[in-house]
Amino acid sequence: MTTATEDRPTGPPEGTPGTEPFLSVRDLRVRFATEDGLVKAVDGLSFDLPRGRTLGIVGESGSGKSVTNLAVLGLHDPRVTTVTGDILLDGRELTHAPRRALERLRGNTMSMIFQDSLTALSPYYTVGRQIAEPYRKHTGASRARARRRAVEMLGRVGIPRPERRVDDYPHHFSGGMRQRAMIALALVCDPELLIADEPTTALDVTVQAQILDLLADLQRERGTAIVFVTHDLGVVAGVCDEVLVMYAGRCVERGTVRDILKSPRHPYTWGLLGSLPRMTDDADEPLRPIPGTPPSLLTPPPGCPFHPRCPYRDQVPDDRCRVERPPLAPEGGGRASACHLPDERVRELTPGAVR
Amino acid sequence: MLRFLVRRLLGAVVILALISALTYLLFFTLPSDPALLSCGKNCTPANVALIHHNLGLDKPVPVQYGEYMAGIFTGRRLPLGNCPAPCFGLSFANDAPVWTILSSRYPTTLSLAVGGAAVFLTVGVGLGLVSAWTRGSLFDRLASSVSLMGQSVQIYFIGPLAIYLLVDRLRWLDPGADPDWSHDPAGAVGGLVLPCLVMSVIFWSNYSRQTRSLMIEQLAEEHVRTARAKGMGRGYVFFRYALRGAMGPIVTLFGIDLGSVFGGAIITETTFGLHGLGQLAVAAVTQTDLPLEMGVMLFSSCAIVLFNVVIDASYAFIDPRVRLL
Amino acid sequence: MRLRNSTARTARARCGAALLAATALTLSACSAGGGTGGDTGGGGADGAKASVQSVTLGTAADSVGPATAVAGAHKGGTAYDLEQNGINHLDPAQAYINQEQIIGQLFSRQLTNYRIDPRTGKTTLVGDLATDTGESSDGGRTWTYHLKPGLTWQDGTPITSAQVKYGFERLYASFETAGPQYVQTWLSGQDFRKAYQGPYSGKSLPDSVIATPDNRTIVLHFLAPHPDTPYAMALSGSGPVLPAKDTEAKYDSAPFSDGPYEIADYQPGKQLLLRRNPHWDPRTDPVRDAYPDEWDIELGIAQPGLTERLMQQAGHDKDALALVAPADPTQTPLIATGAQYRSRLVSQYQPFVDVFNINTSRVKDERVRQALMYAFPMRQVQTALGGAPQGDLATDLIGPTVAGFQAADPFGKLAEPNGDPAKAKELLKQAGVTHLKLTYAYADEARWQTVARTLQSAFAKAGIDLQTTAIDSTSYYTLVGKVNNPYDLYRTGWGADWPSASTVIPPTMDGRLIADGDTDYAHLNDPYVNAAIDRVEKITDLSQQAVQWQQLAQYILKNDTPVIPYEYDKYFNVHGDGLGGVTYNSPLGAINPNTVYVK
Amino acid sequence: MTSARETTTTGSDNETDAALARAASGTVPVGRSPRQLAWIRFRRDRTGVVCAVIVACFILIALAAPLITKAYGKNPYTLYGQDDGLLNSYGLPLKPNGGIDGAHWFGVEPGLGRDVLALLVYGIRTSLGIALCVTVLSVVAGVTVGLFQGYLGGRTDYVVGRFSDLMMSFPQQLFFIAFTPVIVAMFVRPGNAEPTWIRFAALVIVQFVLGWMALGRLVRAQVLSLRTREYVEAARLSGASTARIVRRELLPNIWSTVLVQSTLLLPVNVTAEAGLSYLGVGMQTPTPDWGLMFQDAAQYYQSDITYMFFPGVAMVVFVVAFNLLGDSVRDALDPKTVR
């Protein structure tokens with residue numbers, strides 16, 4: 001049983017001891033220097049993830065999900081980015097690790113599945129070569145062995161006649177197959193931490209299901225820790241143990257899948273859930289997308305970053321939403337949310353908000 | 001591939017036909033009469049008429065053009081003796097077959113173009129790569145400002161200066177000389193150093209700037225990021241992934257520059273007094289030597305067109321997604 | 001258009017000339033340049049000094065080979081010649097421009113030629129292939145030449161009189177359009193091509209025209225007396241051609257040699273490589289020492305680079321010279337003033353006189369023409385063209401290299417070299433002309449644009465409004481050669497084909513020739529002059545004739561003023577230190593390659 | 001030396017993070033149009049501003065040439081050298097350093113002896129004028145062709161494409177050398193005085209004829225990508241006329257490219273024009289012209305190197321300034337560029 005921790009810069013994760021978190025992020029802050037000013041893409045994020053578990057990170061695009069993951073892999077460009085806080089992988093500090101050390105970990109201990117396999121795979125090299133490359137680098141395998149490995153991996157992700165396809169170029173593959181190849185690429189070195197950045201968004205439902213199964217099997221076999229980034233709560237329900245809801249570069253609510261989906265506390269989460277189509281919906285029930293757009297991270301609104309779009313801001317007395325930023329309040333059981341609404345109001349509202 | 005070649009070559013033929021026709025017809029809008037340039041003191045009407053006949057100028061222009069173009073493939077019998085294929089006519093100025101003249105001249109231009117291109121590609125792309133690698137460093141800023149200067153000088157400005165300083169005063173370099181590869185390779189190289197350098201300056205700056213930004217662009221590509229996410233080394237990613245991606249545009253750039261390289265060759269030849277096609281072209285025009293003018297025009301446009309085909313073909317090797325048709 | 005900066009084929013009317021007994025004189029007075037305080041040019045005048053060598057008709061004895069040896073000279077080595085332009089014609093029968101003729105001397109021989117003494121530079125016309133300069137009979141109508149024994153072609157074939165006749169016959173062929181036409185015309189009249197179509201017609205000229213009694217004797221029968229035949233026989237075309245080796249028009253790029261060198265390699269416009277001809281026998285040749293084993297003639301060397309190479313003489317340029325190309329105007333100062341160049345400087349007159357033609361069919365009043373003469377800024381023009389080294393101020397129609405030259409200055413131009421606007425104004429008033437507006441046409445090249453500006457501002461001082469018209473230089477002669485051309489003023493140059501004024505006055509001043517493309521550019525048609533020309537041409541005593549021409553020339557200039565002479569061209573350039581025996585061929589206005597040796 | 005080099009990808013060094021940053025920064029703060037933003041960015045860019053000033057100076061010089069020379073008391077036609085005896089008998093300036101003195105600040109020209117400063121000022125006027133005309137024409141033509149080629153696509157695209165191929169495979173310099181006299185001859189009856197404006201026109205024409213394709217291709221490429229965008233689709237479905245779509249939907253989206261390209265094109269055309277005059281097929285004396293000065297100077301570099309100095313330096317400064325300006329404009333219009 002794992003728990004997420006409070007939004008305190010430091011301090012050990014509470015919850016059942018003994019399960020050492022494999023990945024532990026503390027007070028992560030990522031800032032970009034741009035022509036127009038400083039962008040706080042991630043602003044004080046913390047979470048833990050033990051082996052064999054899956055953490056879902058949800059939020060609209062631009063909420064800082066991908067930035068967080070790139071920070072974990074250390075892929076940000078130091079010239080324009082400042083990353084502060086701690087990222088501990090199996091107890092090793094990554095934030096200030098030397099480049100070479102990170103290179104040894106990437107694709108090996110920790111690897112990433114990128115969202116758009118069309119742009120994420122190089123058009124210039126065969127799929128096989130791209131899969132074999134990290135294997136050779138990290139295991140020092142021979143060209144031939146690496147190739148056999150590539151074929152094997154393609155087979156495992158369910159690509160028919162892999163020994164033939166291995167020499168094809170990405171543009172010869174269909175979208176789904178490319179995504180599988182992308183996954184094969186990420187798994188080729190049996191990573192212990194897998195970051196899946198919306199791996200299924202671009203795919204149709206059947207393929208999506210297959211890939212999710214694939215990831216599940218993998219986790220069962222190797223106890224891989226998975227960070228699953230998506231804005232699709234439907235998928236979250238299927239694969240995740242805990243969920244972390246991000247908005248404007250910060251965590252606004254977190255808890256177990258059950259908690260978040262059954263009894264969400266934060267109006268933003270309500271919004272997300274509200275905008276989620278369900279099998280149970282009757283067809284004429286309209287979707288209710290969250291009104292407005294995500295705020296500019298250049299000049300984030302004062303107070304609660306969500307208040308400009310929050311339908312309930314007036315129910316909070318003396319305008320606190322506009323002036324005071326709500327803290328991420330722990331509620332035990334690893335549960336936490338950042339909202340000024342009093343709990344009782346929340347409880348009354350929830351059903352209406354999510355039905 | 002074959003289909004591609006056929007299509008492109010057909011296109012080339014059309015282009016060349018148009019260019020040649022334009023050149024030939026426009027020539028006759030000039031008021032000057034080539035005959036009067038070769039009759040010396042004997043410009044009696046009779047003599048001029050005779051020369052007109054000898055030069056084949058007594059026929060209607062379209063007929064002349066037809067015969068000229070046909071002659072390239074079939075060869076011709078001319079009043080001044082016959083002219084085996086490929087017959088670009090006999091020079092008005094000295095009755096020599098244009099083809100022999102051309103073949104004695106193109107080595108210079110070719111050496112100049114190839115040499116210059118070699119210099120500005122290696123120097124330019126090289127600098128660009130280093131700048132991209134050490135982006136933001138002092139070197140980078142230095143290189144880009146140097147490139148800027150390079151892009152801003154002109155052959156006809158630095159050429160004479162270079163001769164004045166490096167050759168006449170300091171005696172560091174040989175003055176430009178026509179290469180004679182078969183007999184004196186060393187001398188050929190020596191004579192090409194300065195011209196190639198001068199000519200390359202105005203190009204390499206552009207290439208270093210473009211290469212730099214292309215590389216930086218490529219380094220930001222997602223598939224390059226993937227490569228980094230795979231844990232591939234910095235150099236590996238830089239050269240195997242980013243450079244591979246930047247190659248296409250660089251080649252395109254080069255293809256576009258082919259024409260300018262030739263143009264640069266002309267000015268360079270004029271500046272260094274080399275005997276290339278450029279100098280030949282200027283001579284042909286100033287002497288209203290129609291066959292020579294045609295020869296040079298066709299020869300050089302042909303070269304440019306073919307080079308372009310080669311370059312387009314090379315895309316297929318750089319980028320597997322490109323299919324030639 | 002000047003040879004030095006024009007492509008050879010535009011350099012019409014600049015052809016080889018021979019010099020007849022003219023008293024040696026120096027005109028350095030004229031060449032003092034415009035030098036005033038601090039002007040380096042003043043000092044340079046010495047460098048620019050030119051003198052005229054006297055020349056005589058040689059005897060049979062003078063015609064015996066070998067040529068006078070040059071002290072300290074030895075055989076061997078390669079001499080380099082830098083040519084600004086390509087060579088348009090190698091076929092001797094096509095050679096007219098002095099460049100073609102002087103280079104032609106290395107691989108072709110004529111009946112007569114100019115023997116230049118390497119020590120004194122004294123020039124003598126002697127028999128080259130012929131035993132002497134020719135015997136005339138029948139009142140100068142018939143000329144007989146005897147070939148020397150032991151003359152051969154580059155393949156050893158002996159040279160016969162039949163081949164010489166064949167050479168003359170070739171002059172009639174339809175493709176021989178560029179060369180001089182004196183001999184053909186003298187033999188068969190103006191329409192010589194109608195009279196005979198050349199040897200390829202299968203026919204041969206009858207003995208009544210050219211006879212070859214034996215294979216060493218050749219007899220020419222002219223329609224009229226021609227006292228200067230010896231000089232006509234020195235023209236490149238007056239030599240043999242071996243029928244077996246005659247490639248007709250193609251001969252123009254690959255002639256068969258009977259001279260000291262044969263053609264090893266020729267790339268038109270780029271390079272002409274001459275190799276020693278083993279069958280050439282020095283004992284038969286009174287003209288050519290032919291010391292170098294090879295002549296490497298580099299063509300199309302652009303100015304100022306050409307001059308720069310000679311000045312720097314780096315590498316093999318130390319053994320280089322420029323046979324016909326004078327130094328670039330922009331470098332003459334450095335040469336004229338640099339002591340290091342003195343030892344290797346050649347400064348000599350060329351047979352060319354540059355004039356501004358006044359279109360007499362438009363500017364009819366000679367007082368107006370004289371006004372122009374006075375207003376003309378001779379000095380500024382000279383300066384604009386590169387100063388004294390390029391040429392001396394000219395005041396006469398006939399140049400210093402031509403027989404009977406007397407420095408005459410009827411308008412006192414040397415006293416007022418910058419022009420005399422006051423005098424001009426006065427003359428215009430006499431002529432009752434106000435607001436004179438004239439059109440000046442010039443070839444569109446930098447130097448002539450420069451001159452145009454100069455003239456404009458100078459004439460303006462005399463109240464003359466000079467409109468200038470730039471003509472694309474390729475069409476320049478076409479347009480100014482038209483009888484009804486719309487211009488009042490345009491420049492041309494004229495050089496004597498040999499140093500008798502009979503190759504200057506008749507072609508340029510005979511009003512009966514006026515036609516499109518003729519060479520009486522000023523359209524002068526003065527009955528007195530026309531008559532005088534006929535009279536003088538009949539004089540068979542050349543020195544007498546020379547005097548008469550000179551007087552006529554002065555009459556024309558003083559009374560008709562059809563042209564404004566302004567410059568006697570000069571050859572002014574340096575050669576590499578590695579070369580010795582560099583002499584000057586003033587008849588051709590070029591360096592004489594025959595005495596040159598490689599140190 | 002040729003416009004072709006300008007067709008290359010305007011190097012946008014966009015960065016993952018910069019990209020993310022843009023995503024993150026979301027909508028731009030309200031109240032500022034992109035143009036205003038660009039303007040703000042541009043003003044922030046010091047080099048850009050400096051170069052803009054320099055360029056402005058050059059343009060001012062060109063426009064105010066008569067006033068300048070009036071104030072300076074010389075004109076580019078009087079032969080001071082000859083009239084005031086400033087040249088020696090070889091036509092070289094008497095005074096050292098090309099005859100620089102109080103009267104002639106940049107010295108006098110060898111040969112004719114005109115005032116170099118006056119020449120340069122007027123020369124800039126001529127060359128800049130020609131280049132400007134060429135640029136404007138090329139841009140207009142290039143944009144028009146590119147727009148319709150890209151928008152209409154299909155056969156039009158193909159035909160026009162091949163045509164610009166044809167134009168591009170012309171050996172430019174040769175074309176200029178060979179056809180400038182021809183075009184002049186078309187205007188002027190042989191042998192008549194040739195008005196300066198005809199040369200001017202001829203030069204503009206020859207350079208324009210081979211000058212528009214580069215931009216044309218660029219615009220075409222952009223339009224091709226724009227054409228498939230939703231709002232264009234929408235506009236088309238909503239039955240808007242082609243003209244309207246081009247005017248309202250496409251043009252606004254390419255104006256930045258066009259602006260950048262034209263700033264880069266102008267100096268190229270200036271140097272090209274100078275190149276022609278240098279080769280002797282451009283403007284002709286007495287018309288003062290930048291390139292002509294190089295032509296003369298190249299003749300005199302042995303004996304009067306000073307003469308080459310002023311036009312040379314002036315041109316380098318000019319082109320540098322313009323190129324930098326071009327970069328700054330691009331950066332301003334297109335913030336993702338991180339340099």
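**View 1. Among the five pairs of chains in contact, chains B and D share the most contacts.** This is a predicted model. Chain B puts 52 residues into the contact, and chain D puts in 47 residues. Which helices of chain B each supply at least two residues of the side that touches chain D? They are α1 (2–27), α6 (138–152), α7 (155–169), α8 (185–219), α10 (234–272), α11 (277–286) and α12 (290–318). α10(B) gives the most, with twelve residues. Sorted by class, this side of chain B has 30 nonpolar, 17 polar and five charged residues.

**View 2. Chain A and chain C do not touch.** Look for the nearest C-alpha atoms of these two chains. They are 49 Å apart.

**View 3. Chain B is assigned two parts, domain 1 (2–96) and domain 2 (99–324).** Their C-alpha centres lie 33 Å apart. The two domains meet: 24 residues of domain 1 of chain B are in contact with 22 residues of domain 2 of chain B. On the domain 1 side, α1 and α2 (34–38) of chain B are the elements that give two or more residues. Which of them gives the most to that side? α1(B) does, with ten residues. The residues on the domain 1 side divide into 18 nonpolar, five polar and one charged.

**View 4. A UniProt feature covers residues 106–315 of chain B.** The unreviewed entry names it "domain: ABC transmembrane type-1". Over these residues the chain is 84% helix. Strand makes up 0%. The C-alpha atoms at the two ends of the stretch are 27 Å apart.

**View 5. Chain C has 17 helices and 22 strands.** Its C-alpha trace spans about 70 × 55 × 40 Å along the principal axes. How does the radius of gyration of chain C agree with that of a compact globule, and what are the two values? A compact globule of 599 residues would have a radius of gyration near 25 Å, and chain C has 24 Å, so the two agree. Of the 599 residues of chain C, 64% count as buried. Now take the contacts in chain C with a separation of 6 or more. Residues 24 or more positions apart account for 78% of them.

**View 6. The largest nonpolar core holds 283 residues.** Four of its residues touch the most other members: Ala281(B), Ala375(C), Tyr442(C) and Ala501(C). Which element gives this core its largest share? α10(B) does, with 16 residues. Domain 1 (2–96) and domain 2 (99–324) of chain B each add at least three residues to this core. Apart from this core lies another, of 93 residues. Its members include Phe114(A), Val166(A), Leu218(A) and Val227(A).

**View 7. Ala375(C) is one of the residues that touch the most other members of the largest nonpolar core.** What does Ala375(C) touch, leaving out residues up to four places away in sequence? The list is Gly419(C), Pro421(C), Ala424(C), Ala458(C), Phe459(C), Ala462(C) and Ile464(C).

**View 8. A cis peptide bond joins Gly65(C) and Pro66(C).** Omega of this bond is about -10 degrees. Find Pro66(C) in the loop between β1 (55–57) and β2 (78–82) of chain C.

**View 9. Gln303(C) and Pro304(C) are also joined by a cis peptide bond.** Here omega is about 0 degrees. Pro304(C) sits in the loop between β11 (294–298) and α7 (305–312) of chain C.

**View 10. Glu198(A) is not a glycine, yet its phi is positive.** The value is about 45 degrees. Glu198(A) belongs to the loop between β7 (193–197) and α8 (205–222) of chain A. How many other C-beta atoms lie within 10 Å of Glu198(A)? There are 19, so Glu198(A) is partly exposed. A buried residue needs 20 or more.

**View 11. His435(C) is another residue other than glycine with a positive phi.** Its phi is near 50 degrees. The loop between α12 (421–430) and β15 (437–443) of chain C holds His435(C). Is His435(C) buried or exposed? His435(C) counts as exposed, because it has 8 C-beta neighbours inside 10 Å. The cut-off for an exposed residue is 12 or fewer.

How values were computed
Residues are numbered from 1 along each chain as its sequence is written. Chains are lettered from A and ligands numbered from 1 in the order in which they are written. This is a predicted model: local features need pLDDT of at least 70, side-chain atom pairs count only at pLDDT 80 or more; totals for chains, interfaces and linings use all residues. UniProt positions are given in the numbering used here, feature names are shortened, and annotations may be inferred rather than shown by experiment. Helices (H or I, at least four residues) and strands (E, at least two) are DSSP runs, numbered from the N terminus. Two residues are in contact if their C-beta atoms, placed from the backbone, lie within 7 Å. Ala, Val, Leu, Ile, Met, Phe, Trp, Tyr, Cys and Pro count as nonpolar, Asp, Glu, Lys and Arg as charged, and the others, Gly among them, as polar. The radius of gyration is taken over C-alpha atoms; the globule rule is 2.2 Å times the number of residues to the power 0.38. Domain bounds come from an automatic or database domain assignment. A nonpolar core is a set of buried Ala, Val, Leu, Ile, Met, Phe, Trp, Tyr and Cys residues joined through C-beta atoms within 7 Å.
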